[in-house]
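Here are a few exercises to work through with the coordinates open in your viewer. Try each task before reading its solution.

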Amino acid sequence: MRVLLIEDDPVLGEAVRDHIAADGHAVDWSTMLGDAGDHLHVVSYELVLLDLHLPDGKGFEFLKTLRREGTDTPVIILTARDQLSDRIEGLNSGADDYLVKPFDLGELSARLAAVARRYAGNPNPLIRLGPVEIDQAARRVVVDGTEARLTSREWAVLEQFLRRPGMTVGKNQIEDALYAFGAEIESNTVEVYVSRLRKKIGREAVTTVRGLGYRLAFP
């Protein structure tokens, strides 16, 4: 998925960015709320990771403004503020989850995935599509009883289909999930990853909708 990280601590920001990028997500990292707001106006993010204290403002106010403007992108707050009152304020401001620093990066990945599943309308991490069984929590795919090992990028492409069941996913949507700002995008990248995915979960699993994109063929 495409994730916006808003964090001014360079050490933590780099660690979080690298960790979730290793999971196959495209990450744009902003250290200022102003820049983050600009990003949100030009990119359709699937999740925002928000620190509460930024050099140019407070995360709570930024989040409240997003919700007043109608932005429904899921937001996970990352903060050192661990008081119950802070958690309550964060959730009441429109956050979907609240993670206190220092936190385990594995837990962050799990929370990120859980929030994304809820927004996709399927909180159950287990999905069965014809002969394919997908465990989203474990990032595991089994085809006819045999595990198909997906790379992080292949998994990121599969997630785009899982979040839009029965819908056509455009090439640009897949590119947004794979690449952050400034990354060089090769013209045939999407075709390459869709081809690899078909080889691993079945050629009939992903159909091409000519001129529009791709979609999962299984009911």
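Helices here are DSSP runs of H or I with at least four residues, numbered from the N terminus. The model is a predicted one.

**Exercise 1. Locate S109, and decide whether S109 is buried or exposed.**

Solution. Start with the secondary structure: S109 belongs to helix 5, which covers residues 105-119. Next, take the accessibility. A residue is buried under 20% relative accessible area, so S109, at 17%, counts as buried. Finally, look for contacts, leaving out residues up to four places away in sequence: S109 touches H19 and D23.

**Exercise 2. Work out how the axes of helix 7 and helix 8 cross, and which residues meet.**

Solution. First, find the two elements: helix 7 spans residues 171-178 and helix 8 spans residues 189-201. Their axes come within 10 Å and cross at roughly 85°. Angles of 65 to 115 degrees count as roughly perpendicular, and therefore helix 7 and helix 8 are roughly perpendicular to each other. Now list the residues that meet: K171, I174, E175 and L178 from helix 7, with T189, V190, E191 and Y193 from helix 8. Sorted by class, this contact has 4 nonpolar, 1 polar and 3 charged residues.

As a last step, inspect the ring of Y193: R196 lies over its face, at 5.2 Å from the ring centre.

**Exercise 3. Determine how many residues of helix 6 are buried.**

Solution. Helix 6 runs over residues 152-162. Check each residue against the buried cut-off, under 20%. The ones that pass are E154, W155, A156, V157, L158, E159, Q160, F161 and L162. That makes 9 of the 11 residues, so helix 6 is largely enclosed by the rest of the structure.

**Exercise 4. Describe the surroundings of A36 and of D56.**

Solution. Take A36 to begin with, a residue of helix 2 (residues 33-42). Its relative accessibility is 0%, so A36 counts as buried. Beyond residues up to four places away in sequence, A36 touches L4, I6, S30 and F62. The C-alpha atoms of A36 and L5 are separated by 8.3 Å, though these residues are 31 residues apart along the chain.

Now turn to D56, in the loop between strand 4 (53-54) and strand 5 (57-58). At 37% relative accessibility, D56 counts as partly exposed. Setting aside neighbours within four places in sequence, D56 is in contact with M32, L33 and G34. Of these, L33 is 23 residues apart from D56 in sequence and 6.3 Å apart in space, C-alpha to C-alpha.

Notes: Residues are numbered from 1 along each chain as its sequence is written. This is a predicted model: local features need pLDDT of at least 70, side-chain atom pairs count only at pLDDT 80 or more; totals for chains, interfaces and linings use all residues. Side-chain values use heavy atoms; hydrogens and water are left out. Buried means under 20% relative accessible area, exposed over 50%, partly exposed in between (1.4 Å probe, protein chains only). Contact means heavy atoms within 4.5 Å. Axes are lines fitted to C-alpha atoms, for helices over the stretch in contact, and angles run from 0 to 180 degrees between N-to-C directions. Angles under 35 degrees count as roughly parallel, over 145 as roughly antiparallel, 65 to 115 as roughly perpendicular and the rest as oblique. Ala, Val, Leu, Ile, Met, Phe, Trp, Tyr, Cys and Pro count as nonpolar, Asp, Glu, Lys and Arg as charged, and the others, Gly among them, as polar. A charge sits over a ring if NZ of Lys or CZ of Arg is within 6 Å of the ring centre and within 35 degrees of the ring normal.
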